Amino acid sequence: MQEEINMYLDDAKEQMDKAVKHTISEFSKIRAGKPTASMFDGVMVDYYGAQTPLAQVANISIPDVKTVMIKPWEKSMVAEITRAIRDSNLGFNPMGEADLVRINVPALSGERRQELVKRAKAEAEEGKIGIRNARKNTNNSLRAIDGAPEDMVKGAENKVQALTDDYTKKIDELFDAKEKDITTV
């Protein structure tokens, strides 16, 4: 019986880890100061009828802090990449040239910074929801164990709550760091 409880606790920890990693991944897509290639991770390009990640159809380089250059593997993809970036809600105005897409990255305005903080806060909340769902599922599984002593189940539920508190605190710390990163001029 204790092995089954430990299995559920390990599963909860794994699910909560995934929620934190997903939040970190989403935070990396939010531009704070200088541009990074990971900001374009969510951009999908129509590549011969299939939605394909931008990084799989082009090379993304950052020659300086105000410019992003995207060089597609095929010249015919310039217009499609330009359209995908424009439609991606990243706040960029890409310029398609002969064989590459150039993006001049504007400095963040105060209003745009606040929008990005709101977006980061929403992503942090999504991470916390994932953690709470893992807690709920684990507690339901623990209560469903046949013949488990009530005090053993209560002790396991307390451990699940401690895990939930720890992982929620991690997400709060990640959000605080991201907010500071975004608001620092």
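Two strands count as paired when DSSP finds at least two bridges between them, and the elements themselves, helices (H or I, at least four residues) and strands (E, at least two), are DSSP runs numbered from the N terminus. This is a predicted model, where local features need pLDDT of at least 70 and side-chain atom pairs count only at pLDDT 80 or more, while totals for chains, interfaces and linings use all residues. Residues are numbered from 1 along each chain as its sequence is written, and side-chain values use heavy atoms, leaving out hydrogens and water.

Q: In what order do the four strands of the open sheet lie?
A: Let's start at the edges: strand S3 (58–64) and strand S5 (95–96) each pair on one side only. The pairing in this open sheet is antiparallel. Read across, the strand order is S3-S4-S6-S5.

Q: How many bridges join S3 to S4?
A: Strand S4 covers residues 67–72 and runs antiparallel to S3. One opposed pair to look for is alanine 58 with proline 72 of S4. The number of bridges joining S3 to S4 is five.

Q: Which residue in S6 is the bridge partner of methionine 69?
A: Moving across the sheet, S4 and S6 run antiparallel and are joined by four bridges. The S6 residue that partners methionine 69 is arginine 102.

Q: How many residues make up the hairpin that joins S5 to S6?
A: S5 and S6 pair in the antiparallel sense over two bridges. Within this pair, glycine 96 has valine 101 of S6 as its bridge partner. The number of residues through which the hairpin joins S5 to S6 is four.

Q: Which side chains along S6 point to one face and are buried?
A: Side chains alternate along S6, and Arg102 and Asn104 point to the face where they are not buried. Here buried means under 20% relative accessible area, exposed means over 50%, and partly exposed is in between (1.4 Å probe, protein chains only). The buried side chains, on the other face, are Val101 and Ile103.

Q: With which residue does arginine 102 form a salt bridge?
A: A salt bridge is a side-chain nitrogen of Lys or Arg within 4 Å of a carboxyl oxygen of Asp or Glu. Arginine 102 is partly exposed at 25% relative accessible area, and its partner is partly exposed at 33%. The closest N and O atoms are 2.9 Å apart, and the partner is glutamate 97.

Q: What is the relative accessible area of phenylalanine 92?
A: Phenylalanine 92 is in the loop between helix H2 (78–87) and S5. Leaving out residues up to four places away in sequence, its contacts (heavy atoms within 4.5 Å) include Met39, Phe40, Ile85 and Val105. Phenylalanine 92 counts as buried, because its relative accessible area is 7%.

Q: Which residues of H2 are buried?
A: Strands S1 (44–47), S3, S4, S5 and S6 (101–104) are among the elements that cover them. Just after H2, asparagine 89 takes a positive phi of about 65°. The buried residues of H2 are Val78, Glu80, Ile81, Thr82, Ala84 and Ile85.

Q: At roughly what angle do the axes of H3 and H4 cross?
A: Axes are lines fitted to C-alpha atoms, for helices over the stretch in contact, and angles run from 0 to 180 degrees between N-to-C directions. Helix H3 (residues 110–143) and H4 have axes that come within 10 Å and cross at roughly 170°. H3 is therefore roughly antiparallel to H4, since angles over 145 degrees count that way. The crossing angle is roughly 170°.

Q: Which residues are linked with Lys154 in a network of salt bridges?
A: Glutamate 157 and lysine 154 meet in a salt bridge, at 3.7 Å from N to O. They are three residues apart in helix H4 (residues 150–183), so about one helical turn separates them. Glutamate 157 is buried at 12% relative accessible area, whereas lysine 154 is partly exposed at 47%. The residues linked with Lys154 in the network are Arg143 and Glu157.

Q: How far apart are the closest N and O atoms of glutamate 125 and arginine 132?
A: Glutamate 125 counts as partly exposed at 34% relative accessibility, and arginine 132 does too at 33%. A search of the whole structure finds nine salt bridges. In the one between glutamate 125 and arginine 132, the distance between the closest N and O atoms is 2.9 Å.

Conventions. Parallel < 35°, antiparallel > 145°, perpendicular 65-115°, else oblique.
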